[in-house]
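Q: Hey, can you walk me through this structure? I'd like to start with a spot where helices touch.

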Amino acid sequence: MSRPLIEAKGLSVRYGGATALSDVDFSIGRGEIVTVVGPNGSGKSTLLRAIVGSERPFAGRITRAPGLRLGYVPQRLAIDPTLPLTVRRFLGLPRRTSAAAAQEALERAGVPDISTRQVAGLSGGQLQRVLLARALLAEPDLLLLDEATAGLDQPGAAAFYRRIEDLRAETGCAVLMVSHDLHVVMSASDRVICLNGHICCEGTPEVVAEAPDYRRLFGEGTQGALALYRHEHRGHRHDPGHHHHHHHDDARAAG
Amino acid sequence: MLDDFLTRAALAAVGVALAAAPLGCFVVWRRLAYFSDATSHAAILGVALSLALSLPLALGVLAVCLIAALTVAALSGRSQATDTLLGVVAHSALAVGLVAVSFLPQVRVDLQSYLFGDILAVSRYDLGMIWGGAALVVALVVWRWSALLTTTLGPELAHAAGLHPARERLVLTMALALVVAVAIQVVGALLIGALLVIPAAAARPFARTPEGMAALATGLAVLAALGGLYGSLWTDAPTGPAIVCVAALLYALSRLAGRFAGNRG
């Protein structure tokens with residue numbers, strides 16, 4: 001693999017006196033899909049914010065490839081009800097886009113008909129896709145997803161992640177996801193990083209699922225579900241209907 | 001034309017309205033109402049400083065407001081209880097200012113004109129300062145418009161787009177201090193916050209885009225400024241409060257109309 005898009009070395013982040021992240025080494029290469037999993041408060045979102053640049057490292061450093069373009073899909077949008085904003089206008093922030101480009105991005109994100117709607121009035125799933133469309137307009141080298149499926153049900157989340165995989169295949173952008181939505185996320189990843197203030201374990205989804213640290217954090221129950229859900233990225237694909245069906249089984253097996 | 005005190009007053013009121021309304025939209029969107037109050041109340045201390053050092057009024061007010069705003073911004077970044085902090089600063093700044101003015105030996109200061117404005121005494125020079133400052137505020141807000149809006153939606157979103165939220169906050173703080181310096185003679189330190197927030201809030205139910213809201217807020221602010229001026233001539237009421245009364249009336253009407261139209265407000 002060529003030089004990484006983003007590389008963190010010995011990264012530590014603190015809030016007040018508390019350490020949110022300590023001594024994290026991290027990198028992501030071109031076209032890679034990496035998932036960061038961890039329990040609540042494990043520093044997942046902090047890592048993402050540090051990569052975006054909104055969180056200053058207490059120690060260590062983060063280097064970006066020159067000219068790196070980021071597409072960021074936040075967990076939610078802190079939009080005050082007093083701020084009127086159409087989807088179309090939102091897509092043009094901060095850089096204005098042509099109507100054609102905005103429409104194309106909405107279509108790729110799977111929400112072609114909502115450009116005149118108010119952002120504040122969207123459902124969770126619609127907002128997630130609009131955020132994705134906006135991120136795509138930046139023609140990112142690296143797409144960052146922060147708990148992107150938190151507001152979606154399991155089939156909705158599975159569909160969202162399939163879309164991410166398709167986008168990676170089409171555009172070649174790398175994807176860094178942060179999630180606690182383990183069953184759905186891990187299958188789509190080239191690499192999984194298990195985080196709990198520091199990196200507990202790291203590797204392919206299979207390796208991480210077998211790792212003792214991972215099991216300690218997330219219990220044994222997920223392992224079977226992961227095995228069921230795993231599918232090949234680069235070889236053949238399951239047909240979507242079949243896939244979907246498996247997914248429901250997973251939810252039951254894991255629950 | 002500028003020899004007429006009424007014409008000067010009308011122009012001063014319109015100038016302040018033009019500067020305050022678009023900035024006021026950001027005050028509303030970013031929930032800075034209390035922050036803008038804290039900044040504008042510090043203006044009285046600026047008045048005392050200007051009089052004590054024989055500086056131009058606008059300069060002293062601008063400097064003190066800027067320092068107050070930056071202090072609050074720096075402190076609130078670290079503490080959780082921003083609301084309490086703003087409450088402390090807003091009222092202390094006012095109290096310290098009032099005490100400081102009372103210590104000034106050489107002049108008997110007409111405090112009322114700084115607290116509630118004295119628009120009918122606006123000179124040609126004042127008018128130049130008001131329009132100059134207003135033009136600067138509008139230029140600043142227009143120049144940074146997209147960046148300010150993006151930052152308003154979330155610091156991470158802004159960082160990912162290569163923007164610096166801290167810099168945009170600084171732009172807003174400077175614009176706010178400028179508006180206070182410009183508006184103190186028109187509506188007074190106590191009511192500047194109202195001129196920022198009320199027109200923007202009144203415009204909300206009828207706007208679909210941020211730009212639409214800013215434009216409508218500007219229109220309503222000008223309407224309130226002129227309506228308040230003429231209303232105060234008619235009834236012999238103080239002009240600054242009269243302007244805010246008209247703005248409040250427009251807000252009430254807008255809420256009613258918004259409710260009938262089935263809009264959120």
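A: Sure, and keep in mind that this is a predicted model. In chain B, B:L195, B:P199, B:A200, B:A202 and B:A203 of α11(B) meet B:M213, B:L216, B:A217, B:L220, B:A221 and B:A224 of α12(B).

Q: What's that contact like by class: nonpolar, polar or charged?
A: The contact of α11(B) with α12(B) has eleven nonpolar residues, with no polar and no charged ones.

Q: At what angle do α11 and α12 of chain B pack?
A: About 120°, and their axes are 8 Å apart. Angles from 65 to 115 degrees count as roughly perpendicular and those over 145 as roughly antiparallel, so α11(B) and α12(B) are oblique to each other.

Q: And the crossing, left-handed or right-handed?
A: α11(B) passes α12(B) in a right-handed crossing.

Q: OK, switching to chain A. How many helices and strands does chain A have?
A: Ten helices and nine strands. Chain A has 255 residues, and 43% of them are buried.

Q: Which strands make up the open sheet there?
A: Three of them, in the order β2-β1-β4 of chain A, with antiparallel pairing. The edge strands are β2 (18-28) and β4 (59-64), each pairing on one side only. From one strand to the next, the twist averages 25°.

Q: How many bridges join β1 to β4(A)?
A: Five bridges link β1 (residues 6-15) of chain A to β4(A), and the two run antiparallel. One pair to look for is A:I6, whose bridge partner in β4(A) is A:R64.

Note on methods. Residues are numbered from 1 along each chain as its sequence is written. Chains are lettered from A and ligands numbered from 1 in the order in which they are written. This is a predicted model: local features need pLDDT of at least 70, side-chain atom pairs count only at pLDDT 80 or more; totals for chains, interfaces and linings use all residues. Axes are lines fitted to C-alpha atoms, for helices over the stretch in contact, and angles run from 0 to 180 degrees between N-to-C directions. Helices (H or I, at least four residues) and strands (E, at least two) are DSSP runs, numbered from the N terminus. Angles under 35 degrees count as roughly parallel, over 145 as roughly antiparallel, 65 to 115 as roughly perpendicular and the rest as oblique. A crossing is left-handed if the near helix is turned anticlockwise from the far one by less than a right angle, and right-handed if clockwise. Two residues are in contact if their C-beta atoms, placed from the backbone, lie within 7 Å. Ala, Val, Leu, Ile, Met, Phe, Trp, Tyr, Cys and Pro count as nonpolar, Asp, Glu, Lys and Arg as charged, and the others, Gly among them, as polar. A residue is buried if 20 or more other C-beta atoms lie within 10 Å of its own, exposed if 12 or fewer, and partly exposed in between; C-beta atoms are placed from the backbone. Two strands pair if DSSP finds at least two bridges between them.
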